[in-house]
Amino acid sequence: MEYALTLENVTKEYKDFKLDHINVYLPKGCIMGFIGENGAGKSTTIKLIMDLVKRDEGKITILGKDNKTELNSIKENIGVVMNELCFPENLNAREINKIMKKVYKTWDEDQFHSFIQKFSIAESKLIKEYSRGMKMKLAIAVALSHDSKILILDEATSGLDPIVREEILDIFLEFIQDESHSIFVSSHIISDLEKICDYITFIHKGKIVLSEPKDELLERYGILKCTEEEFEQVNPAVIKGVRKNKFGIEALVLKNELKGNYVIDKADIEDIMIFYIKEQMV
Amino acid sequence: MSIYNITMVITMNIIISNSSNQPIYEQIVSQIKALIISGELNEGDALPSMRLLAKELRISVITTKRAYEELEKEGFIVSITGKGSFVASKNLELIKEQQLKEIENHMQEIIDLANLYGISLEELIEMLTLMYKGE
């Protein structure tokens, strides 16, 4: 399989935090959701991918090229959207276009203009007058107006209203129609992204807890709802997390290995994430 | 296989339920199968590409890929590299088998209920015979 992005044993140690031997493989043509709570290591990982901070150990490739030695040859093919917009606030979209024309050899002016129009961004409006949603849309327009083959986004959709998130989802889906395109998107809230992600990678306290096709995750896990007495009869090996309340028990279970007649709800990615984190705190 | 050269993509309806217990890929498989069996899709009709289907239904490409692979394995569609996926030539035996299987599933429910309520096979046969004759 060809990979758009690989991280092998990537490690970075800070005084109070360690990104511990991270392994991630994103196949070409796919969307990967990179999820975890705040402070789990998502942004550090993305900075390491972009080679913005120095890693202690490991190897990273983007579009098959080493991100340290061969980054220059693929820079034009990487579209990045960070949490905060990094353009000077006293510019407008027209001026951004002029600058980007000089920055990217592959800059596509028409493409940029069509995005700006689609997003209803006034070309003469100063960035400092933008709403958060507009800033994100401008950043995405820039990221997609050069020869991008991989789109890397750090918390790009958090804090946006549902309508804008919906628009951004459409752009992702449009982008991925080309089989050579891939998306790596980090987020701590994923409900709407969950639908379109092919892979889910879950990071917790600097370690990858799981990384696999979303469908397999959703098919494997379920939420068991039962009484305490019933719960004691359940094989402990299938239980992955427990939440007790006054009237019963909810547990994250491997539903296909649970024999018997139980009430089992579907678990979504957020359920899996929350139960995992809680279980580790006990 | 010139029959598969048709480039026009047929229109079809696929309804995905997120609250259903049936996995999404299975929902796609059973709905496309139903369209083929009912004759709404005909031999040689081009199915939408996996990526387009994923985009329109807002689901993962892996899900649509799995659905198409399943349909291909069961002989309902053929996929040609670089061209896409097409409805396979109608295999009457296969369709008959599917139809019988569907009826069998309903019958099983009837049997389960009959056992639960203590209704004998003779009574069931009598009921079915009457109903089938339309009385």
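**A tour of chains A and B**

Begin where the two chains meet: in this predicted model, 13 residues of chain A are in contact with nine residues of chain B. With the chain A side of that contact selected, look for helix 8, residues 214–220 of chain A, which contributes the most to the side touching chain B, namely three residues. If you colour the chain A side by residue character, you will find six nonpolar, two polar and five charged residues.

Stay with chain A and select its sheet next. The sheet is open and has six strands, which lie in the order 6-7-8-3-9-10 and show mixed pairing. At its edges you will find strand 6 (78–81) and strand 10 (207–213) of chain A, each of which pairs on one side only. Averaged over the sheet, and with direction ignored, neighbouring strands are turned by 15 degrees against each other.

In general, the strands of a sheet pair through backbone hydrogen bonds, in either a parallel or an antiparallel manner. For an example of such pairing, select strand 6 of chain A together with strand 7 of chain A, residues 150–154: these two strands run in the parallel sense and are joined over four bridges. Centre the view on Val80(A), and you will see Ile152(A), in strand 7 of chain A, standing opposite.

From the sheet, move to the loop that links helix 4 (109–118) and helix 5 (132–143) of chain A, and select Ser120(A) there. Is Ser120(A) buried or exposed? Ser120(A) counts as exposed, because there are 8 C-beta neighbours inside 10 Å, and a residue is classed as exposed at 12 or fewer. Adding Lys137(A) to the selection lets you check a distance across the fold: the C-alpha atoms of Ser120(A) and Lys137(A) are separated by 9.7 Å, although the two residues are 17 residues apart along the chain.

Finally, hide chain A and display chain B alone. Chain B contains five helices and two strands, and when followed from the N terminus its elements run α-α-α-β-β-α-α. Turning the C-alpha trace of chain B along its principal axes shows a span of about 55 × 35 × 25 Å. The radius of gyration of chain B is 19 Å, whereas a compact globule of 135 residues would have one near 14 Å. If you colour chain B by burial, 23% of its 135 residues appear as buried. Of the contacts in chain B between residues at least 6 apart in sequence, 60% join residues at least 24 apart.

Notes
Residues are numbered from 1 along each chain as its sequence is written. Chains are lettered from A and ligands numbered from 1 in the order in which they are written. This is a predicted model: local features need pLDDT of at least 70, side-chain atom pairs count only at pLDDT 80 or more; totals for chains, interfaces and linings use all residues. Two strands pair if DSSP finds at least two bridges between them. Axes are lines fitted to C-alpha atoms, for helices over the stretch in contact, and angles run from 0 to 180 degrees between N-to-C directions. A residue is buried if 20 or more other C-beta atoms lie within 10 Å of its own, exposed if 12 or fewer, and partly exposed in between; C-beta atoms are placed from the backbone. Two residues are in contact if their C-beta atoms, placed from the backbone, lie within 7 Å. Ala, Val, Leu, Ile, Met, Phe, Trp, Tyr, Cys and Pro count as nonpolar, Asp, Glu, Lys and Arg as charged, and the others, Gly among them, as polar. The radius of gyration is taken over C-alpha atoms; the globule rule is 2.2 Å times the number of residues to the power 0.38.
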